[in-house]
Amino acid sequence: MDKITLERIELLHPKLRAEAKQIYAEICEALKGKAICRFAYTLRTFAEQDALFNQRPQVTKARGGKSYHNYGLAIDIVLLVDKDKNGSFESASWETNVDFDGDGKADWQEVVLIFKQHGWIWGGDWASFPDKPHFEKSFGYSVNDLLLKYNAKKLIPNTNYVNI
């Protein structure tokens with residue numbers, strides 16, 4: 001298992017951590033061979049979100065406070081590929097149709113299926129601004145609802161996570 005991904009899972013909303021660990025274990029079981037999955041982003045501060053929003057070319061349509069990442073309810077992934085077969089997984093890939101492990105299924109799509117089986121929304125299904133690395137689980141809250149809770153300090157005690 002990827003140590004960086006495991007550390008990033010710990011940044012997710014406490015309500016999602018155990019499930020994200022289970023999802024990651026299932027992903028690791030499904031991807032055998034030349035590629036692994038890394039959770040590239042989980043929790044993102046409002047300032048980090050604004051920096052991404054202002055980046056060109058545009059990579060997000062969400063300002064700080066308007067992304068599920070800001071509440072620890074979203075994950076962005078990347079596949080890491082071991083091109084030289086030395087176990088270093090040195091190359092990042094966002095290719096959604098490549099079967100790196102040769103099992104007849106595109107590795108990215110295997111990851112998508114696992115997240116969907118756990119009830120997560122995949123950004124690749126969005127018509128207006130597809131975001132293929134993105135997965136989110138909102139528990140029925142809009143980002144506006146979450147921002148209101150955050151601003152009203154309706155947080156889990158001793159944390160900055162909204163109480164949901």
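This passage walks through the pockets of a predicted model, then turns to one residue beside the main pocket's centre and to a few backbone oddities.

Pockets come first. Rolling a probe the size of a water molecule over the atoms shows where empty space is left. The largest pocket found in this model comes out at about 500 Å³. It has 25 lining residues, and those closest to its centre are V59, T60, D76, D131 and H134. Four elements each give two or more residues to this lining: the strands β1 (35-41), β2 (74-81) and β5 (134-136), along with the helix α3 (46-54). Sorted by class, the lining of the largest pocket holds 12 nonpolar residues, 7 charged ones and 6 polar ones.

Next in line is the second largest pocket, with a volume of about 200 Å³. Its lining takes in L43, R44, T45, F46 and E48, then N70 and Y71, and finally Y150, N160, Y161 and V162. Here the split is 6 nonpolar, 3 polar and 2 charged residues.

Back at the largest pocket, T60 is worth a look of its own, as one of the residues closest to the pocket's centre. T60 sits in the loop that runs between α3 and β2. Its relative accessibility is 13%, so T60 counts as buried, the cut-off for that label being under 20%. Setting aside neighbours within four places in sequence, T60 touches Q49, L52, F53 and F129. There is also a link to the backbone: the T60 side chain reaches the backbone nitrogen of A62 at 3.1 Å. As for D50, it is 10 residues away from T60 in sequence, and the two C-alpha atoms lie 9.3 Å apart in space.

The loop between α3 and β2 also contains P57. The peptide bond leading from R56 into P57 is cis, its omega being near 0°.

Two further spots stand out for their backbone angles. F89, in the loop between β2 and β3 (91-93), has a positive phi of about 45° despite not being a glycine. K153 is another non-glycine residue with a positive phi, in this case near 60°. K153 belongs to the segment that follows α5 (143-151). With a relative accessibility of 62%, K153 counts as exposed, because that label applies over 50%.

Conventions: Residues numbered from 1 in each chain as written. Predicted model: local features only at pLDDT ≥ 70, side-chain atom pairs only at ≥ 80, totals over all residues. Heavy atoms only, no water. 1 Å grid on protein atoms, 1.4 Å probe; cavity = no way out; pocket = protein on both sides within 12 Å on 5 of 7 lines; lining within 4 Å. Points joined across faces, edges and corners; volume = space filled by probe spheres on them. Nonpolar A, V, L, I, M, F, W, Y, C, P; charged D, E, K, R; others polar. Buried < 20%, exposed > 50% of the residue type's maximum accessible area, 1.4 Å probe, protein only. Contact = heavy atoms within 4.5 Å. Polar contact = N/O pair within 3.5 Å; in protein donor to acceptor, adjacent residues only side chain to side chain.
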